[in-house]
Amino acid sequence: MGQPLNLGIVGCGAISAQYLRTIDRLPQVRLVAVADLDLDRARAAVAAHPGVDVLTVPQLMADARIDAVLNLTIPAAHAEVALLAIAAGKDVYCEKPLAATGEDARRVLEAAQAAGVRVGCAPDTVLGTGTQTARQAIDDGLIGRPVAATATMVTPGHERWHPNPDFYYVPGGGPLLDMGPYYVSSLVTLLGPVTTVIGAASRTRAKRTIGSGPRQGEEIPVTVDTHVTGVLVHESGALSTLVMSFDAVATKAPNIEVHGERGSLVVPDPNHFDGEVLLTRLGDEGPRPLPVSAGYAGAGRGVGLIDLAEGREPRAGGTLALHVLDVMESLLASAHEGRAVDVESTCDRPRPVALDALGA
Ligand SMILES: NC(=O)c1ccc[n+]([C@@H]2O[C@H](COP(=O)([O-])OP(=O)(O)OC[C@H]3O[C@@H](n4cnc5c(N)ncnc54)[C@H](O)[C@@H]3O)[C@@H](O)[C@H]2O)c1
């Protein structure tokens, strides 16, 4: 192994602890410093990490030791922070979505290309054994020609548990932009890029009530659609049906199913790294679990950094993230305009991940 990737984290909120746990297990990555608009949060995040500096955002960007910035800020700040990192000549790996709008995401990728730095983006869950084993099954022809998929995510809303849920209900949030990146990234990994979308969407209420933490009981405004459905037409001809909702209580539908001419797969939750893949072949009595055959085993949020650290174009990459954002924005445009919308961007299916125990 060469020199580790020297990393700085910007944004030390709820999700940062999960990244810190993974980074602690990655010999390829060395955490140098963290920053947040709220320096107390930054200090608290690395209280158990002696030697990691707590800096302001400008100090972190100017720090010549840092090769790459892990951007864990809220969606509305993703592009601004990514552009600062790029302007400082650093690679950037962003929480999802890559930016609050496709336009901002394009600016980030263009700036990175001009500066000669790389862009990675969550979700890296699809690099885990769940989605990757399903992908291997499709690539091995176990279901024949894929013709369709369903993707279902239903929850009554994150304001029930997140102490600062405001960002879930403004542009960049909503069930589609918040949870869609997992599902659409998984569908593109499994079935390839999307060319056209047809959507419908609704919004049940104008306010939500925070359910936990110091702001419990406070009402926050809702300015985005909270139930979004649609069909994604993949370049391959396969059709994926998507249901993303913050307006419903529960579902028994699998997170993702992929149907081929000779078999059907149940694909585990794309918000998780692992989980059982079930295969039913034409003529089978019922589904059977497939052995784990691909992906990072025992992974956690942050494994997408491995490609950056090892000098490869990240599979959890900017081009995929832009396409995913474009698909989601096109779906909302379709819902609002009442017509099919062509998706401007495209991407290659990300390279598969061979079975690999994380940190081994
Ligand atoms: N919370 C989760 O379970 C979860 C899961 C997966 C992904 N994510 C994603 O992770 C990201 C962060 O989510 P979170 O739940 O940690 O949010 P959060 O609100 O808890 O934390 C965000 C942090 O970023 C800081 N911040 C905001 N703008 C900044 C700026 N311009 N410069 C520096 N710091 C800034 C805030 O002060 C805050 O500490 C979001 O993109 C979200 O979609 C969250």
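This report describes the overall build, the packing and some local features of one protein chain.

The structure is a predicted model, in which local features need a pLDDT of at least 70 and side-chain atom pairs count only at pLDDT 80 or more, while totals for chains, interfaces and linings use all residues. Residues are numbered from 1 along each chain as its sequence is written, and side-chain values use heavy atoms, with hydrogens and water left out.

## Overall build

The protein has nine helices and 19 strands, where helices (H or I, at least four residues) and strands (E, at least two) are DSSP runs numbered from the N terminus. Its C-alpha atoms fill a box of roughly 60 × 50 × 40 Å along the principal axes. The radius of gyration of the protein is 20 Å, which agrees with the value near 21 Å that a compact globule of 360 residues would have; this radius is taken over C-alpha atoms, and the globule rule is 2.2 Å times the number of residues to the power 0.38.

Of the 360 residues, 54% count as buried, a term that means under 20% relative accessible area, with exposed meaning over 50% and partly exposed in between (1.4 Å probe, protein chains only). The accessible surface comes to about 14,800 Å², of which 53% belongs to carbon and sulfur atoms; such areas come from the Shrake-Rupley method with a 1.4 Å probe, and for residues only the protein chains shown count as cover. Among contacts (heavy atoms within 4.5 Å) between residues at least 6 apart in sequence, 71% join residues at least 24 apart.

## Annotated spans

UniProt, in an unreviewed entry, lists two domain features, set out in the table below. The positions are given in the numbering used here, feature names are shortened, and annotations may be inferred rather than shown by experiment.

| UniProt feature (unreviewed entry) | Residues | Distance between end C-alpha atoms | Helix | Strand |
|---|---|---|---|---|
| domain: Gfo/Idh/MocA-like oxidoreductase N-terminal | residues 6–120 | 15 Å | 43% helix | 22% strand |
| domain: GFO/IDH/MocA-like oxidoreductase | residues 132–266 | 13 Å | 19% helix | 36% strand |

## Nonpolar cores and buried elements

A nonpolar core is a set of buried Ala, Val, Leu, Ile, Met, Phe, Trp, Tyr and Cys residues joined through side-chain atoms within 4.5 Å. The largest one has 75 residues, and those with the most contacts inside it are Leu98, Leu232, Leu242, Val258 and Leu265. Helix α7 (residues 174–191) gives this core its largest share, 10 residues. Apart from residues up to four places away in sequence, Leu242 touches ten residues by name, among them Leu176, Tyr183, Val184 and Leu187, as well as Leu232 and Leu331. A second, separate core of 31 residues includes Ala122, Ala299, Ala316 and Val353.

Helix α6 (residues 129–139) is largely enclosed by the rest of the structure, because nine of its 11 residues are buried. Those buried residues, including Gln132 and Arg135, pack against β7 (146–154), α7, β13 (256–260), β14 (263–267) and β17 (296–297). After α6 comes Gly141, whose phi is positive, near 80 degrees.

Ile86 lies in helix α4 (residues 75–87) and counts as buried at 4% relative accessibility. Leaving out residues up to four places away in sequence, Ile86 touches Val92, Val108, Ala111, Ala112, Ala115 and Val117.

## Loops and cis peptide bonds

Most residues other than glycine have a negative phi, and most peptide bonds are trans. A cis bond nevertheless joins Lys96 and Pro97, with omega about -15 degrees, and Pro97 is found in the loop between β5 (91–94) and α5 (102–115). The bond from Ala122 to Pro123 is also cis, with omega near 10 degrees, and Pro123 sits in the loop between β6 (119–121) and α6.

Gly304, in the loop between β17 and α8 (305–309), counts as buried at 1% relative accessibility. Beyond its neighbours within four places in sequence, Gly304 is in contact with Tyr93, Asp124, Leu127, Pro314 and Ala316.

## Cysteines

The structure holds zero disulfides, a disulfide being a pair of cysteine sulfur atoms within 2.5 Å. The sulfur of Cys12 is too far for a bond, because the closest cysteine sulfur, in Cys94, is 14 Å away; Cys12 is buried, with a relative accessible area of 6%. Cys347 is likewise in no disulfide, the nearest cysteine sulfur being that of Cys121 at 12 Å, and Cys347 is buried with a relative accessible area of 9%.
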